[in-house]
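Q: Please take a close look at one chain of this model and at the place where it meets its partner. I would like one connected account rather than a list.

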Amino acid sequence: MNTPDPSQPEFRSYYGRPILKKPVWKQPDVPLYLALGGAAGASAVLAEGAALVDLPALRRAARMVAAGGAGLGTAALVHDLGRPARFLHMLRVFKPTSPLSVGSWLLAAFTTAASAAAVAELTGTLPRVGRLAGVVAAGLGPALGTYTAALLSNTAVPAWHEAYRELPYWFAGSGAAAGAGLAMTVVPPDQAGPARRLAVAGAVVDVAMHQAVTSRLGMLAEPYHQGRPGLLLQAARACNVAGAVGVLLGGRSRAVSAVSGAALAGGSLLTRFGVFQAGLASAEDPKYVVVPQRERLAAAAG
Amino acid sequence: MSDTPRVGFFTDTSICIGCKACEVACKVWNDVPEDGLLLTGMSYDNTQQLDANSWRHVAFVEQSAPIVPVLGDAVDTADTLDTVAAPGTAGAPDTADTADTVAAPARSATDLGMPNIGAPDPQSATTVDTQVRWLMSSDVCKHCTHAACLDVCPTGSLFRTEFGTVVVQEDICNGCGYCVPACPYGVIDQREGDGRVFKCTMCYDRLGVGEQPACAKACPTESIQFGELDELRERAAARVEQLHDQGVDVARLYGADPTDGVGGDGAFFLLLDEPEVYGLPPDPVVTTRDLPSMWRHVGLAAVGLLSAGVASFVGRRR
């Protein structure tokens with residue numbers, strides 16, 4: 001079945017068939033949602049900070065990204081359902097054992113708050129209600145951007161499950177870079193200082209966590225640096241590095257700021273697709289199930 | 001719920017003859033749709049896997065190993081073929097074992113190779129010949145004690161019944177698909193064109209009226225045994241002991257241990273080789289075992305993100 005390759009560990013399987021079922025989550029729906037949710041969550045924080053220190057252009061842009069990202073993300077998630085008409089079944093119960101249940105409630109609350117803040121911002125009506133909604137969104141935003149790590153890790157998919165220590169920070173960094181990067185594309189540089197700082201911090205964390213996953217996971221790091229997911233993640237790193245360098249060297253130029261911000265947002269999107277596809281690759285190959293489990297059994301046996 | 005004992009399946013693969021009556025009975029009783037018609041070349045296995053449209057799946061494993069001829073004696077098929085459990089037997093087969101497994105006709109239960117070509121001709125001892133061992137096993141949903149599919153289901157569609165089994169309520173399932181990658185055995189799957197997920201219900205409707213599941217009822221060799229889980233575990237332990245006494249050292253239980261990573265399976269197996277040979281994970285663990293730690297990391301990351309957001313506004317104003 002498998003041609004012998006001395007560099008590969010030996011393992012036995014049933015006709016080389018996968019043991020796990022590959023996730024049925026669709027592309028681009030779910031990786032797109034991961035990116036949109038992360039950007040929206042970080043933007044809500046940025047918007048509230050901008051409101052506090054009176055940077056109106058940044059506040060306005062970040063409120064739009066928060067509401068727009070949450071709205072589009074919700075649409076992507078509903079579209080991914082096998083029975084989209086039953087999306088409200090998500091809110092039948094609340095289950096802490098299901099990150100998707102926790103996330104559905106989070107997303108519902110965040111989208112409501114962020115949309116209210118955005119409507120108030122655009123129409124100028126009910127400014128106090130809008131501000132309160134913005135504070136609620138800022139409080140929920142970070143959780144919205146990081147719970148998706150538990151969503152992926154809390155599966156039997158080897159490359160996702162074993163990365164559960166890094167994924168939340170990776171997604172937090174990626175979301176910060178994307179949210180702040182999107183704001184930089186439209187906000188004049190003299191109002192975008194906080195966005196620039198958050199963008200660079202996010203990109204640094206993203207690159208560092210990518211590195212941490214590939215160096216800690218051993219054999220299960222392979223899907224993160226091989227094949228298509230490997231290419232996507234390399235491209236993501238290139239975008240992050242280029243975006244961060246651009247911000248640091250030319251952030252006060254409107255054009256450089258906008259291009260750097262777009263690079264960081266694109267990097268975040270590539271990161272989500274890369275991580276998503278790395279998981280699919282690890283679920284498809286029985287090697288990633290059998291070999292680590294055999295090693296675990298051998299270690300337990302002493 | 002508490003006074004109904006937990007029920008399960010004990011699938012004794014040492015007496016499975018690969019007839020697939022279980023697959024057919026399941027399809028008919030549960031009205032499970034067709035799952036594609038193709039010839040895979042994987043021995044007699046054209047079902048390939050458990051999925052939304054196959055709730056029982058009979059695996060066929062053909063193994064061959066060179067016969068090690070011993071003048072005037074037969075060879076222990078099981079030992080020779082199983083390099084993991086019995087290393088070193090190829091060079092010097094144990095005479096007592098050998099006689100037990102192949103030569104003793106009275107113990108039919110240990111005659112495991114279906115296409116038995118018999119003892120090698122001592123006259124042709126110099127030619128390298130092979131003998132085939134056929135492993136057949138009827139796989140099914142494990143109805144785990146700690147069921148990941150049930151834990152991660154966001155709608156409450158998956159639930160635990162009064163019999164201790166795990167069942168999908170099809171009128172609730174919205175096809176989110178979270179249970180699919182959560183299952184450490186790759187059992188539950190989404191049905192194409194329908195969108196919802198489906199798997200073995202252990203014939204919940206039949207259990208309700210005191211009947212046994214269709215697969216167990218149809219099994220002609222009692223390879224699939226249905227009953228109260230505690231009693232099945234005792235029966236299985238006795239069966240393994242019996243096989244070991246008969247020299248079948250490779251017999252082992254899979255999923256019978258309540259201390260394993262899923263708290264033991266409601267449907268467990270007696271296997272004659274490593275689990276992965278049958279397409280089963282060697283050490284499955286329910287993913288939610290690590291969820292508390294995952295939530296801690298998610299919380300820390302969220303606090304970190306909020307702090308970074310606040311920090312980016314501190315100091316220089318623009």
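A: In chain A, 76% of the contacts with a separation of 6 or more join residues 24 or more positions apart. This is a predicted model, and every value here is computed from it. Of the 302 residues of chain A, 62% count as buried. The C-alpha atoms of the chain fill a box of roughly 65 × 50 × 35 Å along the principal axes. The radius of gyration of chain A is 20 Å, which agrees with the value near 19 Å for a compact globule, because that is what the rule gives for 302 residues.

The make-up of the chain is simple to state. Chain A has eleven helices and zero strands, and its pattern along the sequence is therefore written with α alone, as α-α-α-α-α-α-α-α-α-α-α.

Next comes the side that touches chain B. The contact takes 67 residues from chain A and 56 residues from chain B. On the side of chain A, the elements that give two or more residues are helix 1, helix 3 (99-123), helix 4 (127-153), helix 6 (167-186), helix 7 (193-216) and helix 11 (287-300). Helix 4 of chain A supplies the largest share, eight residues. Sorted by class, this side of chain A holds 38 nonpolar, 17 polar and twelve charged residues.

One pair of helices from the two chains can be followed in detail. Two packed helices are described by the angle between their axes and the distance between the axes. For helix 1 (residues 29-53) of chain A and helix 9 (residues 291-311) of chain B, the axes come within 9 Å and cross at roughly 35 degrees. The crossing of helix 1 of chain A and helix 9 of chain B is right-handed. From helix 1 of chain A, the residues that meet the partner are Ala42(A), Val45(A), Leu46(A) and Gly49(A). They face Leu305(B), Leu306(B), Gly309(B) and Val310(B) in helix 9 of chain B. Six of the residues in this contact are nonpolar, two are polar and none is charged. The two polar ones are Gly49(A) and Gly309(B), because Gly counts as polar here.

Chain B, unlike chain A with its zero strands, contains an open sheet of four strands in the order 8-1-10-9, with mixed pairing. Its edge strands are strand 8 (224-228) and strand 9 (252-254), each pairing on one side only. The twist averages 25 degrees from one strand to the next. Strand 1 (residues 7-12) and strand 8 of chain B pair in the antiparallel sense over five bridges.

Methods:
Residues are numbered from 1 along each chain as its sequence is written. Chains are lettered from A and ligands numbered from 1 in the order in which they are written. This is a predicted model: local features need pLDDT of at least 70, side-chain atom pairs count only at pLDDT 80 or more; totals for chains, interfaces and linings use all residues. Two strands pair if DSSP finds at least two bridges between them. Axes are lines fitted to C-alpha atoms, for helices over the stretch in contact, and angles run from 0 to 180 degrees between N-to-C directions. A crossing is left-handed if the near helix is turned anticlockwise from the far one by less than a right angle, and right-handed if clockwise. Two residues are in contact if their C-beta atoms, placed from the backbone, lie within 7 Å. The radius of gyration is taken over C-alpha atoms; the globule rule is 2.2 Å times the number of residues to the power 0.38. A residue is buried if 20 or more other C-beta atoms lie within 10 Å of its own, exposed if 12 or fewer, and partly exposed in between; C-beta atoms are placed from the backbone.
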